[in-house]
Amino acid sequence: MPRHSERKYRAVTAVQRHLNRLTRSLPTHTLLETTGRTSGLPRRTPIGGSRVGDSFWLVSEFGERSQYVRNIKANPRVRVRIRGRWHDGTAHLLPDDDAVARLRSLPRMNSAAVRMVGAALLTVRVDLDG
């Protein structure tokens with residue numbers, strides 16, 4: 001990874017670490033819960049995205065470097081909290097999807113932030129259980 005991208009990644013993740021503590025506590029903020037690949041403990045990450053039918057779509061700004069993406073690779077069973085309600089599902093990483101085009105269909109504020117800080121965009125689809 002180029003030095004500029006590495007610095008950007010470190011700066012953004014440091015800020016996110018502090019903001020995530022706050023946003024996880026907001027009852028209506030959308031959260032993705034994965035299982036820690038090493039600890040086996042639940043890991044909750046504030047995310048932006050959109051539910052379309054029985055799927056929830058999001059774009060990871062750092063692709064496979066994102067901790068939640070690494071957790072999904074180890075165990076794709078996840079939970080998503082949408083509008084205060086938890087939904088079980090199975091996450092799918094979609095490297096062949098056009099993440100930039102996907103962002104255009106997702107909420108504007110989050111999409112703008114992902115585009116601004118993103119280095120290696122990756123689309124994630126969560127198929128929600130019935």
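Me: In this predicted model, which residue offers the backbone oxygen that the side chain of Arg81 reaches at 3.0 Å?
Reply: The side chain of Arg81 extends to a backbone oxygen at 3.0 Å, and Arg81 itself lies in strand β5. The residue that supplies this oxygen is His29.

Me: How far from Arg81 is the nearest side chain of opposite charge?
Reply: Arg81 is buried yet has no salt bridge, and a salt bridge would need a side-chain nitrogen within 4 Å of a carboxyl oxygen. The nearest side chain of opposite charge belongs to Glu33, and its distance from Arg81 is 8.9 Å.

Me: Within what arc do the buried residues of α2 fall, seen down its axis?
Reply: Helix α2 spans residues 67-74, and its buried residues are Tyr68, Val69, Asn71 and Ile72. Seen down the axis of α2, these buried residues line one face of the helix, because they fall within an arc of 160°.

Me: Which strands are included in what covers the buried residues of α2?
Reply: The protein chain has 4 helices and 7 strands, arranged along the sequence as α-β-β-β-β-α-β-β-α-α-β. The cover over the buried residues of α2 includes β1 (31-35), β2 (42-46), β4 (55-60), β5 (77-82), β6 (85-94) and β7 (122-128).

Me: What share of the contacts with a separation of 6 or more comes from residues 24 or more positions apart?
Reply: The protein chain has 130 residues, of which buried residues make up 39%. For its contacts with a separation of 6 or more, the share from residues 24 or more positions apart is 66%.

Me: What percentage of the exposed area do carbon and sulfur atoms supply?
Reply: The protein chain exposes about 7800 Å². Of that area, the part supplied by carbon and sulfur atoms is 52%.

Conventions
Residues numbered from 1 in each chain as written. Predicted model: local features only at pLDDT ≥ 70, side-chain atom pairs only at ≥ 80, totals over all residues. Heavy atoms only, no water. Buried < 20%, exposed > 50% of the residue type's maximum accessible area, 1.4 Å probe, protein only. Helix = DSSP H or I, 4+ residues; strand = E, 2+ residues; numbered from the N terminus. Arc of directions from axis to C-beta. Contact = heavy atoms within 4.5 Å. Lys, Arg positive; Asp, Glu negative; His and termini not counted. Polar contact = N/O pair within 3.5 Å; in protein donor to acceptor, adjacent residues only side chain to side chain. Areas by Shrake-Rupley, 256 points an atom, 1.4 Å probe, with all protein chains shown as cover.
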